[in-house]
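Welcome, and thanks for taking a look at this protein with us. Keep the sequence and the 3D view open side by side while you read the notes.

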Amino acid sequence: MKKLFFVALLTSSIASISNAADTDSNFKFLLGGGATIGQQAELTTSGSAVSDGRLKSVGTEGYGGIEYRWSDRLFLINTLGYHVSDARFALGSTVHLTSIPFDGIALYGINDQIRLGGGVEVAGHPELAAGSTNLREKYKTSPGLIVEGEYLFTPHMGLALRYVAATYKANNGGEDIKAN
């Protein structure tokens with residue numbers, strides 16, 4: 001079931017839809033989703049390591065937002081989403097990270113199909129939960145940097161590739177998370 005859900009969200013990322021009608025409006029509503037792959041340095045809880053080296057995580061994200069066409073080549077995008085990421089360790093335990101990301105991105109259209117740009121992501125309410133323990137940690141976040149490239153199949157459907165670098169700081173002095 002999880003694999004089917006992952007494939008469905010990956011497919012929806014390929015078909016990230018903007019539901020604007022063919023009008024002269026500079027605004028478009030966005031709706032999309034996608035798969036995320038991340039890497040994190042060694043993660044510790046209460047002084048004991050739960051991973052031995054780099055931790056890889058796989059997640060999904062759904063979002064909605066608004067795109068504003070500033071000029072023929074410059075586009076401003078704001079989205080609000082929900083992100084879930086899971087990582088599995090050698091001993092079979094899992095860590096589950098959730099957040100509500102708010103993104104602000106500026107894209108420059110190289111041509112009618114390719115857009116490149118960057119922006120800022122602020123992840124609201126990030127929380128880490130370990131599957132086999134009672135560990136539940138809430139985090140504060142600082143703005144993360146976004147670099148994005150986008151290919152538009154049509155004016156209303158595209159595929160985006162994004163790199164996000166963010167840091168989550170534990171509220172009670174626990175281990176910080178550097179996500180990218």
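Here is a short tour of some strands, a surface patch and several salt bridges. Please keep in mind that this is a predicted model.

**How the strands pair**

- Let us begin with strand 6, which covers residues 74–88 and pairs with strand 7 in the antiparallel sense over 13 bridges.
- To see one of these partners, find Ser85, whose bridge partner in strand 7 is Leu97.
- Strand 7 also pairs with strand 8 in the antiparallel sense, this time over 14 bridges.
- A hairpin of four residues joins strand 7 to strand 8.
- Across this pairing, Leu107 stands opposite Gly117, a residue of strand 8.

**A closer look at Leu116**

- You can find Leu116 in strand 8, which spans residues 114–130.
- Is Leu116 buried or exposed? Leu116 falls in between: its relative accessible area is 44%, so it counts as partly exposed.
- Which residues does Leu116 touch, leaving aside its neighbours within four places in sequence? Its contacts are Ala106, Leu107, Tyr108, Ile110, Glu148 and Gly149.
- Leu161 sits 45 residues away from Leu116 along the chain, and the C-alpha atoms of the two are separated by 9.8 Å.

**A nonpolar patch on the surface**

- Leu116 also belongs to a nonpolar patch on the surface, together with Tyr108, Ile110, Ile114, Tyr151, Phe153, Met157 and Leu159.
- Together, the residues of this patch have about 700 Å² of accessible area.
- Which elements give two or more residues to the nonpolar patch? They are strand 8, strand 10 (144–154) and strand 11 (157–170).
- One of the patch members, Leu159, is found in strand 11. Leu159 has a relative accessibility of 34%, so it counts as partly exposed.

**Salt bridges**

- Side chains of opposite charge can pair when their charged atoms come close.
- How many salt bridges are there in this model? The count comes to seven.
- One of them brings together the side chains of Asp103 and Arg162, at 2.6 Å from N to O. Asp103 lies in strand 7 (residues 94–109) and Arg162 in strand 11, so this pair ties together parts that are 59 residues apart in sequence.
- The two partners differ in their surroundings: Asp103 is buried, with a relative accessible area of 1%, whereas Arg162 is partly exposed at 34% relative accessibility.
- Glu127 forms a salt bridge with Arg136, and their closest N and O atoms are 3.5 Å apart.
- Here too, compare the partners: Arg136 counts as exposed at 56% relative accessibility, while Glu127 is buried, with a relative accessible area of 18%.
- The side chain of Glu127 also meets that of Lys138 in a salt bridge, at 3.9 Å from N to O. This pair links distant parts of the chain, with Lys138 in strand 9 (residues 136–141) and Glu127 in strand 8, eleven residues apart.
- Finally, look for Glu67, Arg115 and Glu150, which are linked in a network of salt bridges.

Technical notes. Residues numbered from 1 in each chain as written. Predicted model: local features only at pLDDT ≥ 70, side-chain atom pairs only at ≥ 80, totals over all residues. Heavy atoms only, no water. Buried < 20%, exposed > 50% of the residue type's maximum accessible area, 1.4 Å probe, protein only. Contact = heavy atoms within 4.5 Å. Patch = residues over 30% accessible without salt bridge, like charges linked within 9 Å, V, L, I, M, F, W, Y side chains within 5 Å. Areas by Shrake-Rupley, 256 points an atom, 1.4 Å probe, with all protein chains shown as cover. Salt bridge = Lys/Arg side-chain N within 4 Å of Asp/Glu carboxyl O. Pairing = 2+ DSSP bridges.
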